[in-house]
Amino acid sequence: MLTDFKGRPCVLILASGRGERFRASGGTMHKLSAPLGGSTVLDHTLAAVRASGLPWHLEDAGHPGMGDSLAAAVRATADAPGWLVLPADLPLVSPQTLLKVADALRSGAQAAQPIHAGQWGHPVGFGAACGEALMALSGEKGGAPVLKALRQAGDVVQVEVDDAGVLTDIDTLDDLARAELVLQARLKLI
């Protein structure tokens, strides 16, 4: 955990989910512990966050819903000048994407969301003014109600990225297999 903010938003890595869809698809372990490219799903997510150099907080306390998890993470980092909400099951998001969303917040955006190939992805960034609303969240919807209100007010900056990792979450064994193929293709390009 790195929480020396220095004017930078904090990446909140949400890892409290039960991973029921993954197990229902045939998974024999929690999805975040599933092997991916010689490591685990969670290790890949953490590596991207660390490589970004942004401050971060891992919320893995087993909350009942994503809203509860997000609220707890914001409370734990209440002094941050903003937050990037990153579900821990997005192991292929790039450090550059994290920095682009953070830069949008540092430029004054109330909220920022990456978009790839016409689809909204993660991490969703929220400015400090959203802290109170985020801390009041509970249930399964995560930050969606806060983001929806900001979108209706025209306060969400769209951050165009060439990063399919913003869309590549691991909910099933099929998702894991697709992520493995993407990871292998990336490694061949290096």
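**A few notes on Pro114 and a helix pair**

1. Let's start with Pro114: this residue is buried, its relative accessible area being 0%, and anything under 20% counts as buried. Please keep in mind that the model is predicted.

2. Where does Pro114 lie? Its place is in strand β6, which spans residues 111-116. Leaving aside residues up to four places away in sequence, Pro114 touches Thr97, Val101, Gln119, Trp120, Gly121, His122, Pro123, Val159, Val161 and Val166. As for Gly142, 28 residues apart from Pro114 along the chain, the C-alpha atoms of the two are separated by 17 Å.

3. Now to the helices. A pair of packed helices is described by the angle between their axes and the distance between the axes. For helix α2 (residues 41-52) and helix α4 (residues 95-106), the axes come within 8 Å and cross at roughly 55°. That angle falls outside the roughly parallel range, under 35 degrees, and the roughly perpendicular one, 65 to 115, so α2 and α4 are oblique to each other. Their crossing is right-handed.

4. Which residues make this contact? From α2 come Ala48, Val49, Ala51 and Ser52, and they meet Pro95, Leu98 and Leu99 of α4. By type, the residues of this contact divide into six nonpolar, one polar and no charged.

5. One annotation is worth having at hand. An unreviewed UniProt entry places the feature "domain: MobA-like NTP transferase" at residues 48-151. Over residues 48-151 the model has 39% helix and 21% strand, and the C-alpha atoms at the two ends are 27 Å apart.

Conventions:
Residues are numbered from 1 along each chain as its sequence is written. This is a predicted model: local features need pLDDT of at least 70, side-chain atom pairs count only at pLDDT 80 or more; totals for chains, interfaces and linings use all residues. Side-chain values use heavy atoms; hydrogens and water are left out. Axes are lines fitted to C-alpha atoms, for helices over the stretch in contact, and angles run from 0 to 180 degrees between N-to-C directions. Helices (H or I, at least four residues) and strands (E, at least two) are DSSP runs, numbered from the N terminus. Angles under 35 degrees count as roughly parallel, over 145 as roughly antiparallel, 65 to 115 as roughly perpendicular and the rest as oblique. A crossing is left-handed if the near helix is turned anticlockwise from the far one by less than a right angle, and right-handed if clockwise. Contact means heavy atoms within 4.5 Å. Ala, Val, Leu, Ile, Met, Phe, Trp, Tyr, Cys and Pro count as nonpolar, Asp, Glu, Lys and Arg as charged, and the others, Gly among them, as polar. UniProt positions are given in the numbering used here, feature names are shortened, and annotations may be inferred rather than shown by experiment. Buried means under 20% relative accessible area, exposed over 50%, partly exposed in between (1.4 Å probe, protein chains only).
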